[in-house]
Amino acid sequence: MQPPRGYWRQLLLPLACADDFRSREDIVKHAIQLAMAGASDIDDPHAVVIGDAPWDVHTAARLSLPFIGIARGEKRTRLLACGAEHVIGDFTDFSAVTRALHRAVVPR
């Protein structure tokens, strides 16, 4: 079940989504701009694309950004086949998420 349309915007979090842009690359570029605007106190900021679909992997590769997949089963297999190096099951294991963030690479 997905939250109602506009739910995330109500939380006043920086958000870039498919409703805002036609191309996946533009969505990611805008997300990076939003994040950088709020990261003025970070010494060495960098971006990692996190996604659960092949287009996420392809977008990260086209933009030369590291990628982490979030998937299980057949979806996990599909992400790995698309070039993802690291795919975790979900966000519940903080150690796994942290390791994946540190090991994330640009998809091949």
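**Note on the predicted model: surface and core**

1. Ser64 is exposed, its relative accessible area being 52%; the cut-off for that label is over 50%. The model is a predicted one. Ser64 sits in the loop that runs between α3 and β2 (67-70). Its phi is positive, about 55°, although Ser64 is not a glycine.

2. Helix α3 covers residues 54-62 and includes Thr59. Thr59 has 0% relative accessibility and therefore counts as buried, since buried means under 20%. Setting aside neighbours within four places in sequence, the contacts of Thr59 are Arg24, Glu25 and Val28.

3. Val28 also belongs to the largest nonpolar core, which has ten residues. The other members are Val49, Val57, Ala60, Leu65, Phe67, Ala71, Leu79, Ala84 and Val87.

4. Within that core, Phe67 deserves a separate entry. With residues up to four places away in sequence left out, Phe67 touches the core members Val49, Val57, Ala60 and Ala84. Its contacts also include Val48, Ile50, Gly51, Asp56, His86, Ala104, Val105 and Pro107.

5. Another core, of six residues, lies apart from the largest one. Among its members are Ile68, Ile88, Val97 and Ala104. Ala104 is also one of the residues that Phe67 touches.

6. On the surface, Ile50, Phe91 and Leu101 make a nonpolar patch of about 280 Å². Phe91 is found in the loop between β3 (87-88) and α5 (94-103). Phe91 has a relative accessible area of 52%, so it is classed as exposed. Ile50, another residue of the patch, is in contact with Phe67.

Methods
Residues numbered from 1 in each chain as written. Predicted model: local features only at pLDDT ≥ 70, side-chain atom pairs only at ≥ 80, totals over all residues. Heavy atoms only, no water. Helix = DSSP H or I, 4+ residues; strand = E, 2+ residues; numbered from the N terminus. Buried < 20%, exposed > 50% of the residue type's maximum accessible area, 1.4 Å probe, protein only. Contact = heavy atoms within 4.5 Å. Core = buried A, V, L, I, M, F, W, Y, C linked by side-chain atoms within 4.5 Å. Patch = residues over 30% accessible without salt bridge, like charges linked within 9 Å, V, L, I, M, F, W, Y side chains within 5 Å. Areas by Shrake-Rupley, 256 points an atom, 1.4 Å probe, with all protein chains shown as cover. Salt bridge = Lys/Arg side-chain N within 4 Å of Asp/Glu carboxyl O.
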